[in-house]
Structures are given as structure tokens and as C-alpha cells.
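Have the model open in your viewer as you read. We will walk through it together, starting with charged pairs and ending with an arginine that repays a second look.

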Amino acid sequence: MNFSIPEKMPTRNEFLLAFLDAIFPDLEDLEWARTGYGYTSACEMAARETGLLGNDLEDKQLSEDSPLFRLLFEMGQSSVSIFHKMPYLLEGGAYEYYEETLFSFCDQTSGSLKGWLRESGSRSRINKSFDAALFFTYLLLSREAAILNRMVFFEQCLEIIGITEIDPIVGRQLFHFDWEELSEEGEINGRHFHRLANRGIRFFGLVTLTIFELMGTYSVEKDGETIQKVHDLFASAFEEEVKASKSLDKAEEALFDSIRFFDPRSIQTAKTLYPQDFFVPPIFEQNGEKVDMPLFAIKGASKSQRVKILAKTGMGKTAFLQMASLSILADRYGSEKTRVSLKAFTDYFDLPKNLYVISIPARMFSFCYRDERYREWTGDFLSLFFNSMWKLSEGYSFFSSQAGPRPIVENKAKSPGGEKMTKTIWEALEDRARAGQLLLVLDSFDEISSGPMRTAYLQALSAFYDQYCSYPEAHEVGAHVIISSREMSPRTMTFLDHALDIDPSFSDYRICPLNEDQRRDLVLKWNRFTNIPEEESRALLREIQRNHYYRDYSLNPYMLSVVSFYFGHDLGSITRRFITTLVDRMLKNNRTADPVLYDVLMNILPILQDLALESVKSGKPHFSRSQLDRHLTRWMDKSRLSREEVQGAIDRLHEIFVTELGLIIPAEGADHDYQFINGQIRFELAVKAIQKTLETEEGEFYRRPVLASIADPEDYVGLLVPLLCTINLENVRLAERLVFDLATRDFSDRTQEEVLVRAMIDLLLNRYGSNITTVAMPGEGDAQYVLRAQRLLLMRLLTSPSFREMEEDREALAQSPAFRSNAGWFGRDGELH
């Protein structure tokens, strides 16, 4: 809540007419005019309709257990404490004969209301403030026809006395006008009363009484202290709600601060990046058909919306969820500059601004589940989010792919002070869920890789659905949930569907690969950041069209961003930079890790290289957890560890490899296997494993038993091309023999030949990197091997039916250094026929 001393009060006529219009939205239907006579008549009708006055015009005795007495007593207490006035109706037993006093507002001859509203504009002061506030407040709170006007009018009254920006948690109590909900006992002038009005009714009466008392004579100098008393009463009465609201704001603001920057782990830069500067809205499909953005259904939804975003790594799942959350939070916590920069995407998402965002990435769940101090939080997603944001966000960035854990001072998470979940907070969150104002964002379900942890995650998800999404009443909406994941095994995806009670036919949304327009938009965004001229942007886009390595990288925003950032280097160099950057960042983030873990992490490249080579040799892109474990334990000092400690270390290393390193990911469609982030990364790492052996053994060992044994042509050329680029002229004889093997390799059908021909063209046109066939000025001892390698590939291409159909490649090859250097040897006139 925001408190300020008002500069002025409304005039008598302004306030009375607003009050009466709120009480009588049906005045025309009642056939009364908006005049003193009409309002007075309407008041008499309403007073008798609500039982305030008897129909026989005789005095009614007021029971101390009646709604009117509760309001009368509460307003009387306010009058004594704020204005030091004892209302006449509370003196002695006067309240028992209240009709005589209140009927003056219905008297057509000399009543107060008619006099105040008469057209001649009486300047007489309202000298019956308490009675007027009691009468009109009771009518507004009692008339069925006025039910929709109560909250709006009360907000107007609060604004008059300088109370604005009512927190939703406060509003839950403040705008709840229920005569049947009773508060604690009270005392006035030594008399005790029980079964009093609730806080909403009590403060409604206090505010209207304050306005009636002060209007007409108000000044800041004279009445500012009185207004301050009212403010203090509000602050004291709603202290718990205000504290709960601040706690909720603190968690959500911490979330905003955690996601407002863009820090891709694959790029090293000292500049501050913002996600809105690089976000390209994805295109979604459902059941093979292009569909609208999946969050559109939330706006105006009458029931809980629960959807899954499915896509491979790098397709933009996390970026989409980050931008959706920012579009909601920016209005509440962002600067004006931030709101302006997000405007286009705020319009794109078009989500209700009253949504409260609960965001739980896989890293948050796994971190807390792994630590015994925080594991109990993971049984409830709300408890996990709030405790993590209140107590851990300063020491651990769950949303950044670059940042690692930092020390948590003095076990802040378990300290007795600070924020904590209270009954008021739980109730407020449930209210938001019932109203459809709670959004749970769950990112990267596939990164919950271990069996027990995944089981705990699904149990927490199912519990959230049962408590906050599934409400039987038609008017109760329920919380909305959006969860992202790669495709896992059918069994696990079925468990996920059951936890949220969703039908994948309607709830699964898949992100499509980037199309040409999206690629252009993303390249231009990156080039604006790196200050690259527009011509170079067009050059990259042309390279994407003609170079399949670039094209394969450009299917998803993650890898296209890497290519855009490092554009100017060949693909082999970009791939190696990418690997090195991720490994260096992972080591930096874990420099304070347990020595046992860090010793293994220091050898992460040999581990990945050996795994990659094993997978290439086996012809299987996936590798099992047990394969990874074997390599991890080979580098682990287990001498002082128990079996349980070894397994705990292995589980943590799995988490680091998947969530922090980013080079291996859970395998597509499987639960217990892994795969490399893309094929080229796998081949580049495998090449490094081969290169290590070339330094100590004869290259023929890998030329014959390894390369020759690879049955799949795609795997064969996938490994051979980067291997030749790595060898280059360091072992020119081996390079020439490898080219010979490629040129003379057998194939079984046209498709296999096209794969081999494409690899030959890639080498001659330098599409992946410099190699033996692209050396411009080889040394005297190397020249013969270079020329033989070039001629081998050119001769093979000239005899290939597949190559004759590749018009663009033939034109490019005719301009290549390899062909120009050998055109005379072939007896050609500079053209390839």
C-alpha cells in the first residue's frame, strides 16, 4: 500500500452523489430521478428493503447480534479513537431506538439528505457525519443491486484519504464484505461486545466516516495528523498481509533480476546482453500443423491451461519462457527503458499483467534435491520457488547458464530470520490460483536425469496440479502451467502427462526449425550487437544457403547465435572455439567444487573425446550412463570415499555435464542415455581423441581399423573431414592417404555416393576448414602430396553421375584453387563439364 496525505477533500455534493450512485445503480429502473427528492425516496425504499427501518414507521429495537449493530459499534470505536467523539447512538441505550435518528435521511419534509442535495445549494455543514456514514455505508453493503459497486467505490474512498496501490493480499481482506464473517470481541467505554464485523466492513465504515467528518473544512495543516492516524490504523491492521505481499514481491523481483540479462554460455563477451535484443519469436506446430503461440489460451481462460513445449536442445525453449516471464514482470519491476525495449514482445505475448510468475528451472530443483539442507523444499513447488528466491538467489544463479554457485553466507537458508512461508502467503497463492492468476513455468524437465530425482519431481508436479489446478466449481479457474522439455521415452512422457492430467494431442506444442526469415532476423540482431556491416550479414546468410555445415548449425537459434558471433572464422575453428568456451566456463563456475569433483572436471576434455570416439566406432550416437560413469571413475580418486560418496559424486558430475557444460544432453527419446549436443561436436571431439593417438602411434592404426570399419557413410565423412582439417599438413602423407581412402571408398547406392561426393566438395571448397586440398602455397616437400590429393578428388568427382547434377557446386569448384592449379593437368579450359 502507498500512503500520502491528500491535498483536498471532495465537495459535499461530489461525494454524496458518488455514494448514492454506488448504492443505486438501478435508480432509473426504480423510476426515481437524480434529485434530492428522488434519492430520499430511494433511500427510504432501500432502508425498508434491507430491514434497516420497519415498515410500520415504528421504532425497532436493535439487537447487539445484528449486522447493523456490528457496523455501528465498529464505526463508533473509530469515531472515539480517531476523532475523540462518542456517537449519540452509542450513548446509553440510544442505539436501541436508532430508527428515529436514521430516518432523517428518508424524511421528505425536513430530512438531512434532501436538504444537502437541494438545488439551491445549501452551504450548511454536514453535522451528522457519523449517522450519515453509518446509514449510507449500511445500504451500500446490504443492497444486492449494489454488490458490483462496493469495491470500486471503496477504492475511490481510499484514494480520497490518500491510500492507493492496494496489494492484492490486503485487498483479499479489505474488499471482502461478509456480514457472516465475524471478528474478535471489542470494548468501548468499559462495555464488551462479541461477534463484531470483519475487517473489510470495519474499514469501509472508518473511511466513509473520515470523509464525512473532514469534507467541507479539510486542510492539510489542520487535519493531516488525523489522516495519519487512519493510515497508521490501516498499516497496523494489515501488517501481516503487507508483510506477506512484500515477501511475494521480493521473490518475484528476485526472479526478474535473475532473468533480465542474456548470458549464453557459448559466448564470451564483456558486454551486457539483454534477451529482448536477440529474441526471435518461434513458430509452433501441433500435430503437424502450424498453430498460434501456446500461451494465447491463458488470456481469458475459464479453466487451468497446461501445456508442454517440446523441442531439441538449442531450439529456444528457455528463451521463449524467459521472454514470456519478462513480458509480465517488466511492468512491475522494470525501468522505463526496459519496458520500452520489451514493448514489442509484451504485445506479442499479450499475457494478463496480474499473473504471478512461479519459475522453476531444472537446475533449481536438482540443486535443492541434491542438498540435504534444502531437499524438503522440493516436495512442494511453491515452497521450492519462494525459499530458493528468498534464501539462495543471492548465492546461486539458477537461471544463468554462465554463473555457478557462490558461497551462501552462514547457511542463510536455515537462519531463523528473513522471509518464510506463512498461512497468509499460502492463502494468497491459493486465491490467485482460484482466480487463474498464478502461472507456473517449468523449464528443462529433461535435465532432471536421475531416476529418484525425476520421481520426486513428478510427485511434486502432481501435487501442484491436485491443489492448485483442479477446482470443481465453475467459477474457479486454477493455476496455469507451462513446461518445456526434449522428447524423452514414451513412458516418461506419459508419466508427465498424467501428473498434469493433459492430453498430448491438445497440449503438446513443438518448436519448428528456424525458417529463412527467422534466420535473417537473428543474424541481423547479432550483427548489430557486434557492429558488423550489413554486407557481412548478407554474406553469412548466403553462406548458410550454400554451405550445409552452416545450414545445419542455423536450424536452431542457439547454434546460429554461435556462428553469428564468430562469423569470419571457418566452421572447424568455430566448433573448436565453442567447445573450449563451454569447458572453460564450466571449470570457472566449479573452481570451488570438492577436490574430488574438480580433479575429474579438469580431465573433462579427454573424457568427452574418448566417449565421442567410442560412439563413432560403435555407430551409435547415444551412450549410456554406465559408459559415462566408467570414464568418470577412471579419473576419480576413490581411495577415501565410501560407495555412497562415490555415487553421490557421480550423480553431481552427471548434473554438471548436462546442465552446466552443455556439450552432452539427455538422449532424444530415452531416459538413461546421453548424446552430444550435435553431430559435428561429436565428430570434432572424436577427432581430438584420434589426434592424441597420432602423436604417439602410427596413423595407419586409425586409418585402417577405425575409419575403414565405420559402416555409415555419414559417420565416416563426419569424422574424416574434421580429421583432415586437423591434420592439415602436419602429417601430409597420412592426409594424402586418407584422401585416397575417401576417393576410392565403395558405396552401395546413389544415396551413399552423394554423401561421399558432398564430403569431397566440402574439402575442395574449404567449407569446414583448411585441409590438404586447399593449401595455397605448400612447401616444396608437401606440394606433391597436395597435388595428388587434389587430383584424386577431382578425378573422382568428374566420373560421378551425382556430381554432374550439382550445377552450383560445379560452378563453385571451377573457381576453386584446387581446380585452377590442376586445370592444365586435366587438359581443361577452366570449366568442369
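Partly exposed means a relative accessible area that falls between the buried range, under 20%, and the exposed range, over 50%. Keep in mind that this is a predicted model. With those cut-offs, Glu 714 counts as partly exposed because its relative accessible area is 37%. Arg 758, at 28%, is partly exposed as well. The side chains of these two residues meet in a salt bridge, with 3.1 Å from N to O. The bridge links distant parts of the chain, since Arg 758 sits in helix 34 and Glu 714 in helix 32, 44 residues apart.

That pair belongs to a wider set of charged contacts: 37 salt bridges turn up in the whole structure. Another of them joins Arg 143 to Glu 49, with the closest N and O atoms 3.3 Å apart. Arg 143 lies in the loop between helix 6 (129-142) and helix 7, while Glu 49 belongs to helix 2 (residues 36-49), so this bridge ties together parts that are 94 residues apart in sequence. The two partners differ in exposure: Arg 143 is buried at 3% relative accessibility, whereas Glu 49 is partly exposed at 49%. Arg 375 and Glu 372 form a salt bridge too, and here the closest N and O atoms are 3.7 Å apart.

Now turn to the aromatic rings, where the count comes to 48 pairs. Take Phe 154 and Phe 175: their ring centres are 5.7 Å apart and their planes stand at 90 degrees, so the pair is edge-to-face. Phe 154 is in helix 7 (residues 150-160), and Phe 175 is in the loop between helix 8 (168-174) and strand 3 (182-183). Both Phe 154 and Phe 175 are buried. They also belong to one aromatic cluster, whose members include Phe 15, Phe 105 and Phe 212.

Next comes the nonpolar interior. The largest nonpolar core has 109 residues, and among those that touch the most other members are Phe 578, Leu 628 and Leu 742. Helix 32 (residues 713-727) provides the largest share of this core, nine residues. A second, separate core of 89 residues includes Ile 425 and Cys 469. To see one member of the largest core in detail, look at Leu 628: leaving aside residues up to four places away in sequence, Leu 628 touches Ile 607, Leu 611, Phe 623, His 654, Phe 657, Ile 664 and Tyr 674.

For the backbone, two residues deserve a glance. Glu 165 has a positive phi of about 50 degrees although it is not a glycine, and this residue is exposed at 60% relative accessibility. Ser 444 likewise is not a glycine yet has a positive phi of about 65 degrees, but Ser 444 is buried at 9%.

Finally, which side chain of opposite charge is nearest to Arg 745? It is Asp 712, 7.3 Å away, and Arg 745 is buried with no salt bridge. A salt bridge would need a side-chain nitrogen within 4 Å of a carboxyl oxygen. The place of Arg 745 is the loop between helix 33 (732-744) and helix 34 (750-764). A polar atom of the Arg 745 side chain does lie 3.5 Å from the backbone oxygen of Ala 711. Not counting residues up to four places away in sequence, Arg 745 touches Leu 707, Ala 708, Ile 710, Ala 711, Tyr 716 and Leu 756.

Conventions
Residues numbered from 1 in each chain as written. Predicted model: local features only at pLDDT ≥ 70, side-chain atom pairs only at ≥ 80, totals over all residues. Heavy atoms only, no water. Helix = DSSP H or I, 4+ residues; strand = E, 2+ residues; numbered from the N terminus. Buried < 20%, exposed > 50% of the residue type's maximum accessible area, 1.4 Å probe, protein only. Lys, Arg positive; Asp, Glu negative; His and termini not counted. Polar contact = N/O pair within 3.5 Å; in protein donor to acceptor, adjacent residues only side chain to side chain. Contact = heavy atoms within 4.5 Å. Core = buried A, V, L, I, M, F, W, Y, C linked by side-chain atoms within 4.5 Å. Phe/Tyr/Trp six-rings, centres within 6.5 Å; stacked < 30°, edge-to-face > 60°.
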